Amino acid sequence: MLNPKIVELPNRSTLFYCQSSQFKTALFRILVPYGGPWRSIRSMAALHYVMARSTEKYPTTQALNRKKDDLYAVSVSPTHMTFGTFRLTGYTAAMLNSHCVPDGTDVLAGTLDVLDQIMHHPKRDARGLLQEAYVQQTLTDMHISYQGVASQPSSLVRERFWSRILKDNPYHIMGKYLDYAGELLKTDASELTGFMKENVGVRPEIYAYYGSASEEEVTERILSTMPSPDGPDNRDLFPDLRVIHTVPEPEQVTESSEFGQSQLLFGYTFEPELTGGDRAAVLMLDSILGGSPVSKLFTEVRERSGLCYDIGTSLLPSNNILIVGCGLSAGDIGAAEQGIREQIEKTASGEISEAELVSAKESLCFDLMAHYDSPDRYLDYQLYRFLGDPIPDIPEMIRAISQTTQDDVAAMARRIRPRLYYRLVGKKGGDAE
Amino acid sequence: MSGQKKTFSSSARKIRKKVIRDPSIDESYIRIEHPCGLLIQISQKPFQTCCATLRVLFGEMHTQYRLKGRNTVHSIPRGTAHFLEHKMFEDENGNDLFNAFAENGGDANAYTGWEETTYYFSCVSRFRENLRILLSMVATPSFTEESVEREKGIIREELSSYLDDPWNAAFVSVKRNLYRKLNIRFDLGGSERTIRHITPACLKRVHRLFYRPSNMVLGICGNPGQVNVEEVIRLVDEVFGTERTPGEYAEPVIPKEPADILRKASAVRGPVPAPYLYFGLKYTSRPSMSREKRLRDSLVMDIAEDCLFSGSSDLQNDLLENRLIQGTLNDSSVFSKAYGLLTVSACTGQPEEVLHRILDTVKKALEEGFEAEEVARNRKAAIASVIQSFDTSEGVAEMMAKYGNPRCTVFDMLRVYAGVTPEECLRVLKGTVDRNRYTSVRLLPSGEPQPES
């Protein structure tokens, strides 16, 4: 089992260090937090552009990819990290993940070299980098990508769902992709440059390493390559998006679409709102109700009634919301809704078999143990905890799940309050009832 | 690179086993030819999770077959392989076997491909119990009229979701333009019409003929505390028997696909935000090629394709620099016994120019070959990708089930990649590609006028 260590570095950054020789590839990750007007989609465009396209030393995607291949790196993937654009505390960061095969090549130094070029140069000399053509191309890429949410019923229904539930929250991104798509094309290079100078590489960063190199070696490499961020921590720049509150009456929305298949997306909040201590019970509820192929919804609505192919729940415990989603023919909407209601009621009334309880525990414990076989998943879990998600460490979580009873799950189900019933009715399968 | 191989005997009787090693990456696995015909490959590694993958060499392409020694060709409805996969998770009492896995901490699933169907599970404990469920369910499935009819409703919804995917529609259109006979020109899973003809009798027959142990490979990866080689052999004994069972044997009949293509261009519409170009190249089919040669050539083609179309290729850079595409160029390929296909797609407002540059890239490679530096770099990337596959139990189990050829092992992949030269890339490319056998499909936003073709 791992022995992770959180190291505070002299340059005010934090290193998650995991020494392990179990894996053939090493993982190195860096998170560069940025705040300020982060909720503006333009700030994301700036990050996206800088990381994916342009630095002085690696001027194009091709050069970066060539550097990666020469390093025996399986992936060097710069991304915009949406840690918190919706979940948790609103912490927003640019992230670069690197999986490398340590084969004698100086992978760590090479990766840090790439990181340095990508992450830090813009702060110091952004003018020379933001060429108009690249900016426009990046913004158009993002414009198309954001508009793409309307291309399939499963993504369109999510966009519409979130835009309803989060309409009063000025910070969120979800549910606004289609709106932001238009805004992107109004952005110019100087705006992005200004944003980056003020925000990128200013706040203390987070590094994570998972591999066989020693802590001293990793620390030395980081400190010799990466400059010290000179700005304040400014955690208050990361707004709290945590909780979606209960409403007195659920909203009912039915819209039609040009697609064949219909989609249901129902949102439920919990009352009282979820806390860290509720985590084991609510995970069990999610698993039993719709989180697996043996869940009540899958078994009853799909397998027994044959009403759909795709049905399940997704849980965002930090946001106090549980979602039920289903893709089906329009003529089956009424029967499916009835089935969903019945299964929630049965769970709340304690109709939970011993087999369902055992299966949910086994499934969740398996999932938690599987974190130890994946450096990426393990680091994600630990980073969420570090950034404020009130969850216990993996062994404690496994213990809490093992001790959860049918009564705990039923009590959690009784806290469910409907928040939004959203139906996107397609053309196939007759009229919705 | 493949290390020492040795044969030793099981405790009870002679079973052919070999330990296959690669000291250069410190990996090994055991290859077992079980007397019932099942090939078992086991890698013991210190993961928390254990994984077993059972690969059945029967897929959606196989809609015609001939009984061994007979001439009559029998047909089965399109969608049968996928239907079987769905129904395999139900026992004779109508119980859902996902429950059985879940009660034992197993997380199971399956998927159907054109040439195979794959069943798998992962767990952290009770590996033996989960393996028993997996083997038993594929050995003794149950098909009742009622359950088969109910499953049709579920599969209809699944197929309906594919129809709502515009990118899938464009991909299918590429295949329809290139292929006249092979089933791959349709959506995987059949259609509402074809699955209507699937009956319990049809499923039983197909299962009996194709779900034979000798038509399967079992790949396993897990820690030695859970995965015991002798226990696995005993379980296979119990479920499949200790020797090959007599009975009818069938072989799939793959229609002979003409070398030429059906049409050079077409267009489809969908709710996409911008126009896309899909390019498809029909590879020369060589069904008589030996398995080892085909595997080797497919690995060489991986490198050649990466040189031409990957993120580090000159073509992709050229298209981005000249603002001819948005996002990136995406490529994928198949190089199997039955068919070979390359697809390249991109979001572009200038499809003719992009198509021209793709064709020009292929032409240049065929005439001038590959640069050594380019091949060396893509070789490194390919090797790194294989090595990373050894970092998860699922990845290793999948490799164990996929690479069952004794003369081309999992480790030979690394050896082949390491030895790929520019000359070899050119040789395989020339043997595979006729640059006139291509098609292009334009995926247009709904409402945009149809281009003149």
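Reader: Why is helix α9 (residues 279-289) of chain A called mostly covered?

Author: Eleven of the eleven residues of α9(A) are buried, among them A:Arg279, A:Asp286 and A:Leu289. A residue is buried if 20 or more other C-beta atoms, placed from the backbone, lie within 10 Å of its own, exposed if 12 or fewer do, and partly exposed in between, so A:Arg279 and A:Asp286 meet the criterion for buried. The model is a predicted one, in which local features need pLDDT of at least 70 and side-chain atom pairs count only at pLDDT 80 or more, while totals for chains, interfaces and linings use all residues. Residues are numbered from 1 along each chain as its sequence is written, and chains are lettered from A and ligands numbered from 1 in the order in which they are written.

Reader: What makes α9(A) a helix, and β4 (residues 39-44) of chain B a strand?

Author: Both are DSSP runs numbered from the N terminus, a helix being H or I over at least four residues and a strand being E over at least two; α9(A) spans residues 279-289 and β4(B) spans residues 39-44.

Reader: How do you know which faces of β4(B) are covered?

Author: B:Leu39, B:Gln41 and B:Ser43 on one side and B:Ile40, B:Ile42 and B:Gln44 on the other are all buried, so both faces count as covered.

Reader: Why are β3 (residues 27-33) of chain B and β4(B) said to pair?

Author: Two strands pair if DSSP finds at least two bridges between them, and β3(B) and β4(B) have four, in the antiparallel sense, with B:Ile32 opposite B:Ile40. The hairpin of these strands has five residues between them, and there B:Gly37 takes a positive phi near 110°. With strand β10 (residues 216-222) of chain B, β4(B) pairs in the parallel sense over six bridges, and the bridge partner of B:Ser43 is B:Cys221.

Reader: What makes β7 (251-256) and β9 (308-316) of chain A edge strands?

Author: Five strands of chain A form an open, mixed sheet in the order β7-β11-β8-β10-β9. β7(A) and β9(A) each have a single partner strand, so one side of each is left without a neighbour in the sheet. Within this sheet, β8 (residues 262-270) and β10 (residues 321-328) of chain A pair in the antiparallel sense over eight bridges, and A:Gln263 stands opposite A:Gly327.

Reader: How are helix directions compared with strands here?

Author: Axes are lines fitted to C-alpha atoms, for helices over the stretch in contact, and angles run from 0 to 180 degrees between N-to-C directions; contact requires C-beta atoms, placed from the backbone, within 7 Å. Helix α10 (residues 296-304) of chain A lies across β9 and β10 of chain A, at about 160° to β9(A).

Notes. Contact = placed C-beta atoms within 7 Å.
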